[in-house]
There are 4 protein chains.
Amino acid sequence: MTDNLNTTKNPDSTGPSPSPPGRIKIIQAFKSLLKKKDFDAITWAEIAKTAGVNEGLIYKYFNNSRNLLHQVLAEYLKQYLTEIEFALKGINGALNKLRKFIWFQINSANRERVFARIYILEVRTYSGYFQSETYKLTQEYDKVLLEILDEGIKNGEIRDDVLIAHMRMTIFGAIEHICLPSIIFNREMSPDDFTEDLCKILFSGLGKSN
Amino acid sequence: MTDNLNTTKNPDSTGPSPSPPGRIKIIQAFKSLLKKKDFDAITWAEIAKTAGVNEGLIYKYFNNSRNLLHQVLAEYLKQYLTEIEFALKGINGALNKLRKFIWFQINSANRERVFARIYILEVRTYSGYFQSETYKLTQEYDKVLLEILDEGIKNGEIRDDVLIAHMRMTIFGAIEHICLPSIIFNREMSPDDFTEDLCKILFSGLGKSN
Amino acid sequence: MTDNLNTTKNPDSTGPSPSPPGRIKIIQAFKSLLKKKDFDAITWAEIAKTAGVNEGLIYKYFNNSRNLLHQVLAEYLKQYLTEIEFALKGINGALNKLRKFIWFQINSANRERVFARIYILEVRTYSGYFQSETYKLTQEYDKVLLEILDEGIKNGEIRDDVLIAHMRMTIFGAIEHICLPSIIFNREMSPDDFTEDLCKILFSGLGKSN
Amino acid sequence: MTDNLNTTKNPDSTGPSPSPPGRIKIIQAFKSLLKKKDFDAITWAEIAKTAGVNEGLIYKYFNNSRNLLHQVLAEYLKQYLTEIEFALKGINGALNKLRKFIWFQINSANRERVFARIYILEVRTYSGYFQSETYKLTQEYDKVLLEILDEGIKNGEIRDDVLIAHMRMTIFGAIEHICLPSIIFNREMSPDDFTEDLCKILFSGLGKSN
DNA sequence: CATGAATGAGTGTTCATTCAT
DNA sequence: TATGAATGAACACTCATTCAT
């Protein structure tokens, strides 16, 4: 499956989509295929066959394949965004929130390993990613983290001698890397253990605290 | 460019091998194409044309496309491996070595941004990666880092209450993520600044140190 | 023309199927090419061009080339099967039926020499033949002969001191070999004469009967 | 492996070949490959590699692939020809000789199943076969059989009301067909049993002898 | 809203063959 | 006698895409 443009032809964008049966069937077929094989290995014909729908119909709804992928991802991302906001409520202190944030990320990646794999291996890889709708959604995520860091800096919990962007990248990079093997091999991981170690390292550093 | 197997067909393996002109031209053509476009978008026809060589010749030297990619990468990796070992010589203390290691990684990524992009976005993404020759080479890298961490734990510089594997992943993830934007957009980055911030975070943590 | 699998992808199997014009054109083009050259020498491009159809369409209807061949053969075979059953009706005695069977075989081979050539030289040669659908169809043929032999053994017309399978092979082998030169050189043959001699030999043996 | 012409460039034809090492290695490599895979699937590159010889060298000796095949076959055929003549010596009576001939054929096919497979499936299939050198050699075989039949007719052992050519074809066809499954699946066969049944059928016919 | 039929333009790969050395 | 390097031409197969109905 290849594609060039990122033309937006998202029926959802203009309001509550009527979501005709064909469209739903296509999305479901695509999701189920994504569980079995790489995005690049999925063909229109396969989707159509799995969905029990004509090939041509896919064009009606998703002009190009990347579009379909992004729409599926956007669904997940939107849901996570709601969840993370809810998950952080009632927690005091920036570091406490950060711990929760990290745990939530790992836990989500664990719950939806397929989705995580696609995001890390397929989407972020895509050269047009930073211009995509998906990227905009992930920025909302970023914002959640940045706010936590900001709060921590302001209230003195978090150091202020380092670029906040660098902190953010370190955190995301660490999370991602620690999850990568499990994601690639689709192995169960332990959010609690990973979070524990990650927070030790990220909060107080690798150095022995004397 | 797609491929199935990862069969090694390296004429170099049995000796110095004069490396016939055609082979060299192919590799150079491939490298130069890699600077312009994604690996997946590069075709045999393109390589052949760029190299001024017959398509069939590519097959002669590199059984399949992934093989060509891996051989090119292996070249870089071998070189880096030599360099990092040299670079660490004469440095005392695990954290000092770690700082140098981080700096070296970022600096290398900066010097060879194309290579870094391919490695992060194309190779590591590949499902057969962990069975590949390339992976074995990167494990040598890992070993260098692990030895530093080990030394640090033994001499009390580095904490011992965290899985060493988690430390390694955090470090690599952090480095990778901090370099990612520059790599993707092929922008110059500052190894010194990046290293400075990364080490602050990784050595003593995000938390305010008192 | 090469091929690997023998996957059945017969749109006809589930109903009457309008058999789209493209499919028909392909089959006809293929048949006409078969008259001119060996199966192995026929390319997709040639078929497509002859049929005035796109190459990809062949793939749509016949997953691989062997499949196309087998489907064409199956058509013939099915027709023959109906005919042979009809031809044997109203004949009394196993040897009389056998004579008719032999005559029918030779006559069919004569009528459709191209088909006969393909079957003998191309299909039966194919290593996957005995797993193919075509083979199953020819087994129906075999059954017709076996039933005749069986009847003859039971009613004392045919000897019972020889493996029935060996009789079958002798008969088929004899027919085939006697037709071979005509088939290869596409020369007219005389079913009556061939049958006469064959039956003499097969019924009462080479030995002088006194 | 494909080929068009049947150009004779047989170094043997002009006398006792010096048979340089390369040539021998090539033939041996080819023979051993023939045991493992179909003739069509064997490539020059493979032969050269197996023989430990350069690809180009094959051209020196065997202008085209069919030529190589035929030369290998000719070797076998010549040997068989000598053997059959020897085997028939000292046997009295046409039918006794015929029985021996049949047994010899089946036994040879059994001993060299690979060779038999090639001859039946690859060579005889080839459209230029009847113009080939190989065909001429097999005609020598035919002659042996024809002489037996002739003798039998003359001395009254064998019927004279049937074309001798038809007898020959029946015999060869029967032998071939009875051996075919074993040849294709490379299964051991019992020359004694096969001969016994074949001779019963061929000598006195399928019909119950009164 | 949905389909069946058909297309065009590639893709990686294969291989026999040639030739300078 | 033998080799390494290189080529040219094809081949089966793939797939996103279009369009009339």
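**Exercise 1. Contacts with DNA strand F**

Find how far a polar side-chain atom of D:K60 lies from a base nitrogen of DNA strand F.

*Solution.* Step 1: the distance for D:K60 is 3.2 Å, which falls under the heading of a polar contact (a pair of N or O atoms within 3.5 Å). This is a predicted model, in which local features need pLDDT of at least 70 and side-chain atom pairs count only at pLDDT 80 or more, while totals for chains, interfaces and linings use all residues; side-chain values use heavy atoms, with hydrogens and water left out. Residues are numbered from 1 along each chain as its sequence is written, and chains are lettered from A and ligands numbered from 1 in the order in which they are written.

Step 2: turn to D:N54, where a polar side-chain atom is 2.3 Å from a base nitrogen of DNA strand F. Step 3: for the backbone of the DNA, look at B:Y61, which has a side-chain N or O atom 2.8 Å from a phosphate oxygen of strand F.

**Exercise 2. The surface near DNA strand F**

How many residues surround DNA strand F, and which helix gives the largest share of that surface?

*Solution.* Step 1: count the residues near the strand (those with a heavy atom within 4 Å of it); there are 34, and the closest are A:W44, A:Y59, B:N54, C:Y59 and D:N54. Step 2: sort them by class, which gives 18 nonpolar, twelve polar and four charged residues, where Gly is placed among the polar ones and Tyr and Trp among the nonpolar ones. Step 3: assign the residues to helices (DSSP runs of H or I, at least four residues, numbered from the N terminus); α3(B) supplies the largest share, four residues. Step 4: consider the DNA side, where 60% of the atoms of strand F within 4 Å of the protein belong to sugar or phosphate and the rest to bases.

**Exercise 3. The surface near DNA strand E**

Describe the residues around DNA strand E and name three of its phosphate contacts.

*Solution.* Step 1: 33 residues lie around strand E, and A:N54, B:W44, B:Y59, C:N54 and D:Y59 come nearest. Sugar and phosphate make up 60% of the atoms of strand E that come within 4 Å of the protein. Step 2: the classes are 18 nonpolar, eleven polar and four charged, and α3(C) gives the most, with four residues. Step 3: phosphate oxygens of strand E lie 3.0 Å from a polar side-chain atom of A:Y61, 2.9 Å from a side-chain N or O atom of C:Y61 and 3.1 Å from a backbone N or O atom of C:G22.

**Exercise 4. A cavity in chain D**

Which residues line the largest cavity?

*Solution.* Step 1: a cavity is a set of points on a 1 Å grid over the protein atoms alone where a 1.4 Å probe fits but cannot get out, and its lining residues have an atom within 4 Å of a point. Step 2: the structure holds one cavity of 30 Å³ or more, and the largest contains about 60 Å³ of space. Step 3: its lining consists of D:K31, D:L34, D:K35, D:V72, D:Y76, D:V114, D:F115 and D:I118; helices α1 (21-36), α4 (65-88) and α6 (113-123) of chain D each give two or more of these residues. Step 4: by class, six are nonpolar, none is polar and two are charged.

Key. 1 Å grid on protein atoms, 1.4 Å probe; cavity = no way out; pocket = protein on both sides within 12 Å on 5 of 7 lines; lining within 4 Å. Points joined across faces, edges and corners; volume = space filled by probe spheres on them. Polar contact = N/O pair within 3.5 Å; in protein donor to acceptor, adjacent residues only side chain to side chain.
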